[in-house]
Amino acid sequence: MIKDRSKERVRAVTKSVLTYLEKNRDPLIEKLNAFLSIPSVSTNSIHKEDVKKAANFVADYLNEIGFDQVEIQQTKGHPLVYAEYNGAGKQAPTALFYGHYDVQPADPLELWDSEPFQPEVRDGRLYARGASDDKGQVFMHMAVFEAYMKTEGKLPINVKVCIEGEEEIGSENLYEILETKKQQFEADFAIISDSGMVADGQPTILYGLKGFTGLEFTVKGPNRDLHSGMYGGAVRNPIISLSHLLHSLKNEEEQVTVEGFYDGVEDITEQERRFIADVPGEDYQKVTGITETVSEKGYTAKEHTMARPTLEVNGVYGGYQGEGTKTIIPSSATAKLTCRLVPGQDPNHIQQLVIDHLQKHVPSGVTLEMKREPLSAKAYKVDPNHPLIEKAAKSYSRAFGKETVYVRMGGSIPVVEWIESIYNIPIVLLGFGTPEDKLHSPNESFLLDNFNKGMETLVYYWEEVKNLK
């Protein structure tokens, strides 16, 4: 009887909160539009005051919701918004909610169909810079918190909030803050909505992210560009030398040939192969215009993208770039490389292995200059059978009316690995973006149906996890 009453109480609370969200959908969208109208571009100093304005928006909203403590913490760069809610009591778990309020530049402006900082709804999508990454998804959480406080007078869990303004520039100051203020940010688990689903309407559990490292190297030859007729045959060409080096890094079976690159890499389990096979596959040829997919020997394209390490050349430049011909042997040539890593690979170690390989294979007659990429991150992976993950999948499916799929993503979110390494807590990645959101590109948008069902998912999830402690 007590259990039945408890279930009835949960259903009543859930219905009350969802009804509030539904009835207040228009004013919530208006409030989100005000947030999206702030050009909080963290990479450009001319928007410094706009970034502060966005931080104030977040802080003001959290105060308005009724959080116990809200403060704007100054960093060496852009401010961080911190907040606490402890009204659920010691018996309830504490969640650390992370997100970011800064956005990418809107350039090139001429490719937008509407003003990037004047939100506009078209065909069921809300268009604006930051609509999906990450203001729209951050706002969903705050709106759900508001709905609970307005209907129940309290949240079902305790919450700590960390909304930063530097994610789009590598979260330059966040690690130091998380480490030095460890006690302040401690929680039972973290929740992040800065990711997406594999397709419209397809609930997706992201249980793994790749790590990241990279470097830039320059092949230097003569002290100036030389006449190719007078010096060709006597002087090594840096661009050709660069090409030889790049060719030495990878074979035609998409296997990285750097010695030690795969040491310690976990192979994909049979359960994960089934997870990956069940994920609706992106039509790579249609989306990218390629003639066929290529992947590491022994793995499908989806398996390689999600769960195997990669090495890619991101840029190559050197020599004459203008119209027509200029017959020279260039003085130098440069390439930029990045590696996406999986569990078992340390980014600093992999970076050094690539450097050692290049130094070992550099042709005679030229020299190498290396520039290490300072931003790196280890891969992240959580047990897909963890109760917090299982409850997230259940909440997703209930809101979207479809079975949840499990994926590992080829991208990297350094803060995920930082939170895991500093706090040793599970991280739940509840993303509601779609492949059509055009993150970082002109005409970024967010599907309003996902906005609605995403908030519904969060309500179900908070009710699912409130008694887990």
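The legends below describe close-up views of a predicted model.

**View 1. An open sheet of three strands with mixed pairing.** The strands of this sheet follow the order 15-8-16. Strand 15 (380–381) and strand 16 (405–409) each have a single partner strand and stand at the edges, so one side of each is left without a neighbour in the sheet. Strand 8, which comprises residues 204–209, pairs with strand 16 in the parallel sense, and five bridges connect the two. Within strand 16, Val405 stands opposite Thr204. Helix 9 (residues 270–278) lies across strand 8, strand 15 and strand 16. The angle at which helix 9 runs to strand 16 is about 100°.

**View 2. An open sheet of three strands with antiparallel pairing.** Here the strand order is 4-5-18. Strand 4 (120–122) and strand 18 (445–447) are the edge strands, and each pairs on one side only. On average, neighbouring strands of this sheet are turned by 25° against each other, direction ignored. Strand 5 (residues 125–127) and strand 18 run antiparallel and are joined by three bridges. Arg125 has Leu447 in strand 18 as its bridge partner.

**View 3. A salt bridge between Lys336 and Glu216.** Side chains of opposite charge can pair when their charged atoms come close. In this view, the side chains of Lys336 and Glu216 meet at 2.4 Å, N to O. Lys336 belongs to strand 13 (residues 332–341) and Glu216 to strand 9 (residues 211–220), so the pair ties together parts that are 120 residues apart in sequence. The count for the model comes to 21 salt bridges.

**View 4. The largest cavity and its lining.** The model has four cavities of 30 Å³ or more. The largest cavity has a volume of about 50 Å³. Its lining includes Thr75, His78, Pro79 and Leu80, together with Glu164, Gly165 and Glu166. Asn173, Leu174 and Ile177 also line the largest cavity. By class, four of the lining residues are nonpolar, four are polar and two are charged.

**View 5. The second largest pocket and its lining.** The volume of the second largest pocket is about 260 Å³. Its lining is made up of 14 residues, of which Ala88, Lys154, Leu155, Pro156 and Lys466 are the closest to the centre of the pocket. Sorted by class, the lining of the second largest pocket holds six nonpolar, three polar and five charged residues.

Key: Residues are numbered from 1 along each chain as its sequence is written. This is a predicted model: local features need pLDDT of at least 70, side-chain atom pairs count only at pLDDT 80 or more; totals for chains, interfaces and linings use all residues. Side-chain values use heavy atoms; hydrogens and water are left out. On a 1 Å grid over the protein atoms alone, a cavity is a set of points where a 1.4 Å probe fits but cannot get out, and a pocket is an open set with protein on both sides within 12 Å along at least five of seven lines; lining residues have an atom within 4 Å of a point. Grid points are joined across faces, edges and corners, and a volume is the space filled by probe spheres set on the points. Ala, Val, Leu, Ile, Met, Phe, Trp, Tyr, Cys and Pro count as nonpolar, Asp, Glu, Lys and Arg as charged, and the others, Gly among them, as polar. Two strands pair if DSSP finds at least two bridges between them. Helices (H or I, at least four residues) and strands (E, at least two) are DSSP runs, numbered from the N terminus. Contact means heavy atoms within 4.5 Å. Axes are lines fitted to C-alpha atoms, for helices over the stretch in contact, and angles run from 0 to 180 degrees between N-to-C directions. A salt bridge is a side-chain nitrogen of Lys or Arg within 4 Å of a carboxyl oxygen of Asp or Glu.
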